[in-house]
Amino acid sequence: MTRYSLAACIALALASNAQATSVDEELAALKARIEQLETEQQQAKEQAAKDELQAQESSVKFGGAVRTNYVYEDYNDANADRGGDFDFDLFRIDVSGNYKDLIFSAQYRWFEYMNVVQHAWVGYNFTEQQQAKIGVTQVPFGLLTYASNNYFFSSNFYLGLEDDHDLGLNYTYKGANNQFDFAFYKNDEQGGIDGFVSDRTDRYAYDVVGIRLDGEDAYDAPSDGYAAGEVNTFNARYAHTFAFNDISVELGASLQAGQLEIENGTDGDNVAAAIHSMINYDRWNVKLQVTDYKYDVDGMDVDRIVVAAYHFYDSIPAEATTYIANLAYSLPVEIGPISNLTFYNDYSLVTDKPAAMPDTFMNVTGMAISAGGLYTYVDFVVAENQPFIGGTMVGDGDTNTRFNINFGYYF
């Protein structure tokens with residue numbers, strides 16, 4: 001019995017030892033698995049952080065718009081007899097993004113009658129306050145981004161002095177209360193007088209394309225030898241914002257000076273200057289601007305300059321003074337999908353033209369409606385000698401009216 005019991009004890013001890021060894025191995029394996037899972041989890045966190053950082057450092061965004069337009073013109077008998085016309089306006093694609101401090105943006109527009117680049121540039125953010133761009137950029141002049149609230153801009157747009165875009169370099173410093181812009185444009189967005197384009201009238205913003213000779217119609221193409229282009233243009237703009245309790249006031253000044261390259265070799269130049277103010281109080285906004293410009297051509301007494309945009313030629317005075325006075329009120333609402341209504345009255349005057357040319361004025365009373373991605377302008381325009389309102393800047397026409405609704409969906 002004793003021997004049997006001793007053998008049993010030895011067997012039991014051996015079995016227990018084997019079982020303990022097995023448990024130790026399982027614990028070791030479990031510990032190793034836990035360590036592996038923790039390592040994988042840490043690697044996943046690090047990769048997620050890298051992905052998030054890369055996403056912050058690099059991004060590409062696409063957008064665009066589709067717009068249609070209803071118009072009733074009292075100066076167009078056929079249009080008035082039909083009760084107005086409803087037409088396709090444009091389709092556009094926007095792309096923008098960045099890689100670290102490198103930034104880029106471009107916009108291309110398709111109209112029924114032309115396709116154009118509105119802007120296309122690359123840039124670099126040196127600091128949070130300093131930025132530089134190269135490409136087709138907005139010319140820093142006067143009120144920015146626009147000197148208007150309505151669909152038709154101000155009269156300055158048709159003189160090439162509002163929302164103009166040219167090809168060159170642009171530097172911006174923007175502090176807490178001030179902004180300085182300096183730009184050099186080698187030529188217009190089409191490459192100047194000898195740019196490789198099929199039609200010099202296919203452009204978004206108005207640029208000089210020729211010298212208008214005596215006896216020519218306002219809408220004629222430039223005569224042989226008198227095609228022209230803007231070259232070597234410098235822009236400088238400074239604006240300072242003053243804060244007074246609930247009122248902010250921006251005061252600024254702009255200067256533009258450049259040359260005209262004329263096909264026959266004649267030298268020309270141009271200069272423009274403006275002072276502006278923008279006042280914000282509660283929901284009210286006031287925009288004010290005075291601008292003076294002049295084009296000179298050596299050896300010629302020039303009264304009219306040929307400009308082009310939107311697939312046709314037109315003419316502007318070789319010199320003039322312009323005035324802008326706009327008032328707007330923004331009203332948040334909850335009317336179905338409508339979130340905001342902006343009511344405005346924009347007034348432009350172009351005066352002091354050469355050769356006793358009559359003044360141009362344009363008054364736009366309207367409302368902008370925001371509803372998600374849908375943005376609608378409803379404008380009633382009264383104007384005289386104003387492009388797109390039955391006239392030209394160098395004309396002597398009647399006072400005309402136009403009722404316009406522009407429907408735009410932005411995505």
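In this predicted model, Gly97 has Phe104 of strand 3 as its bridge partner. That bridge belongs to a set of 9 that join strand 2 (residues 85–99) to strand 3, and the two strands run antiparallel. The link between strand 2 and strand 3 is a hairpin with 2 residues between the strands. Lys100 sits in that turn and takes a positive phi of about 55 degrees.

Strand 3 (residues 102–110) then pairs on with strand 4 (residues 115–125), again antiparallel and again over 9 bridges. One of the pairs here puts Ile103 opposite Gly123 in strand 4. Strand 3 and strand 4 also make a hairpin, this one with 4 residues between them. As for its two faces, strand 3 has Ile103, Ser105, Gln107 and Arg109 on the covered one. The uncovered face carries Leu102, Phe104, Ala106, Tyr108 and Trp110. So Ile103, the residue across from Gly123, is on the covered face, while Phe104, the partner of Gly97, is on the uncovered one.

Just ahead of strand 2 in the sequence numbering comes helix 2 (residues 77–81), which is where Asn79 is found. With a relative accessibility of 1%, Asn79 counts as buried, since the cut-off for that label is under 20%. The Asn79 side chain makes a polar contact of 2.8 Å with the side chain of Asp85. Setting aside neighbours within four places in sequence, Asn79 is in contact with Val71, Tyr72, Glu73, Gly84 and Asp85. Asp85 has a second partner in Arg82: the two form a salt bridge, with the closest N and O atoms 2.7 Å apart. Unlike buried Asn79, Arg82 is exposed, at a relative accessible area of 52%.

The salt bridge of Arg82 and Asp85 is one of 9 in the structure. Another links Asp94 with Arg92, at 3.2 Å between the closest N and O atoms, and here both Asp94 and Arg92 are buried. A further one brings together the side chains of Arg203 and Asp188, at 3.3 Å from N to O. Arg203 comes from the loop between strand 7 (178–188) and strand 8 (207–212), and Asp188 from strand 7, so this pair ties together parts that are 15 residues apart in sequence. Arg203 and Asp188 are both buried as well. Salt bridges that share partners also join Asp181, Arg237 and Glu250 into one network.

Asp181 turns up again around Asn170, which lies in strand 6 (residues 165–174). Asn170 counts as buried, at 7% relative accessibility. Not counting residues up to four places away in sequence, Asn170 touches Gln131, Ala132, Lys133, Thr137, Gln138, Pro140, Asp181, Phe182, Ala183 and Tyr185. With Tyr185 there is also a side-chain polar contact, at 3.4 Å.

Strand 8 leads into an open sheet of 3 strands, which has the order 8-13-14 and antiparallel pairing. Strand 8 and strand 14 (312–317) stand at the edges with a single partner strand each, so one side of each is left without a neighbour in the sheet. From one strand to the next the twist averages 40 degrees. The pairing between strand 8 and strand 13 (residues 304–309) runs over 5 bridges, including the one between Asp207 and Ala308 in strand 13.

Turning to the nonpolar interior, the largest nonpolar core has 47 residues. Those with the most contacts inside it are Phe157, Tyr293, Ile305, Tyr310, Ile316 and Met362. Ile316 itself, leaving aside neighbours within four places in sequence, is in contact with Tyr158, Leu159, Tyr293, Tyr295, Asp303, Arg304, Ile305, Val307, Met393 and Val394.

Leu159 is also among the contacts of Thr322, a residue of strand 15 (residues 319–335). At 0% relative accessibility, Thr322 counts as buried. The other residues in contact with Thr322, with neighbours within four places in sequence left aside, are Asn156, Gln289, Val290, Thr291, Leu349 and Val350. With Asn156 the link is a polar contact of 2.8 Å between the side chains.

Notes:
Residues are numbered from 1 along each chain as its sequence is written. This is a predicted model: local features need pLDDT of at least 70, side-chain atom pairs count only at pLDDT 80 or more; totals for chains, interfaces and linings use all residues. Side-chain values use heavy atoms; hydrogens and water are left out. Buried means under 20% relative accessible area, exposed over 50%, partly exposed in between (1.4 Å probe, protein chains only). A polar contact is a pair of N or O atoms within 3.5 Å; within protein, one must be able to donate a hydrogen and the other to accept it, and residues adjacent in sequence count only if both atoms are side-chain atoms. Contact means heavy atoms within 4.5 Å. A nonpolar core is a set of buried Ala, Val, Leu, Ile, Met, Phe, Trp, Tyr and Cys residues joined through side-chain atoms within 4.5 Å. A salt bridge is a side-chain nitrogen of Lys or Arg within 4 Å of a carboxyl oxygen of Asp or Glu. Two strands pair if DSSP finds at least two bridges between them. Axes are lines fitted to C-alpha atoms, for helices over the stretch in contact, and angles run from 0 to 180 degrees between N-to-C directions.
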